[in-house]
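Dear colleague,

Please find the structure below, followed by a summary of the findings. I would be grateful if you could read the two side by side.

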Amino acid sequence: TTLGSQERIMLTPLEVYGGDRKMIAIRTVDYKLLVVESRRPIGYSQWWYPENSGLLVYVVDADGIHKDHLPEDCGNDPEKPKWAYYIYPDWVTDRACQMNDIANMLVREGMSVTHSGVKISLEFSDELMDYVTIEKVDDA
């Protein structure tokens with residue numbers, strides 16, 4: 001509710017040592033957050049393909065059902081209640097639940113994700129930093 005005009009934030013990837021900010025948490029409604037992480041295919045994510053670099057955005061429901069590994073659940077289906085699930089970037093049209101769909105979930109440079117009246121855009125990305133813009137938008 002306090003988000004006014006655009007906010008610009010620099011994020012250091014989780015896999016990179018140091019940095020001032022590793023993630024952003026944006027409260028959207030009571031007990032729900034949008035979380036933004038900067039990620040790189042190094043360190044504990046070294047098994048990712050080299051092109052898998054950017055932002056992961058997910059919803060956390062702190063008051064939700066805390067279940068995981070449900071039968072016939074890919075782990076990221078919002079129809080199967082759980083404490084968190086990833087949000088696909090705006091360009092992704094096929095949002096059918098797929099296991100470990102990191103390549104499609106990552107927000108890369110020039111892309112955005114819109115959810116719960118918030119638009120998160122990755123303006124610029126290099127090895128050590130992501131430059132993120134956050135703004136309020138009308139839900140479509």
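Glu15, Glu37 and Arg39 are joined in a network of salt bridges. Please bear in mind that this is a predicted model. Within the network, the side chains of Glu15 and Arg39 meet at 2.6 Å, N to O. This pair links distant parts of the chain, 24 residues apart: Glu15 is in the loop between β1 (7-11) and β2 (23-29), and Arg39 is in strand β3 (residues 32-39). Glu37 also forms a salt bridge with Arg39, with the closest N and O atoms 3.4 Å apart. As to accessibility, Glu15 counts as buried at 11% relative accessibility, and Arg39 counts as buried at 9%. Glu37 is buried as well.

The whole structure contains three salt bridges. One of them pairs Arg40 with Asp130, whose closest N and O atoms are 2.7 Å apart. Arg40 lies in the loop between β3 and β4 and Asp130 in strand β8 (residues 130-136), so this salt bridge ties together parts that are 90 residues apart in sequence. Both partners are buried: Arg40 has a relative accessibility of 5%, and Asp130 has one of 0%.

Asp130 is also among the residues that Leu122 touches. Leu122 belongs to strand β7 (residues 118-125) and counts as buried, at 1% relative accessibility. Its other contacts beyond four places in sequence include Gly54, Leu55, Val107, Met111 and Tyr131. Gly110 is a further contact of Leu122; the C-alpha atoms of these two residues, 12 residues apart along the chain, are separated by 5.7 Å.

Turning to the aromatic residues, the count comes to two aromatic pairs. In the pair of Tyr58 and Tyr86, the ring centres are 5.6 Å apart and the planes stand at 80 degrees, so the arrangement is edge-to-face. Tyr58 lies in strand β4 (residues 54-61) and Tyr86 in strand β5 (residues 84-86), and the pair therefore ties together parts that are 28 residues apart in sequence. Tyr58 is buried, with a relative accessible area of 14%, whereas Tyr86 is partly exposed, at 30%.

The rings of Phe124 and Tyr131 have their centres 5.7 Å apart and their planes at 50 degrees, so this pair is tilted. Phe124 counts as partly exposed at 41% relative accessibility, and Tyr131 counts as partly exposed at 30%.

Yours sincerely

Methods:
Residues are numbered from 1 along each chain as its sequence is written. This is a predicted model: local features need pLDDT of at least 70, side-chain atom pairs count only at pLDDT 80 or more; totals for chains, interfaces and linings use all residues. Side-chain values use heavy atoms; hydrogens and water are left out. Rings of Phe, Tyr and Trp (its six-membered ring) pair if their centres lie within 6.5 Å; planes under 30 degrees apart count as stacked, over 60 as edge-to-face and the rest as tilted. Helices (H or I, at least four residues) and strands (E, at least two) are DSSP runs, numbered from the N terminus. Buried means under 20% relative accessible area, exposed over 50%, partly exposed in between (1.4 Å probe, protein chains only). Contact means heavy atoms within 4.5 Å. A salt bridge is a side-chain nitrogen of Lys or Arg within 4 Å of a carboxyl oxygen of Asp or Glu.
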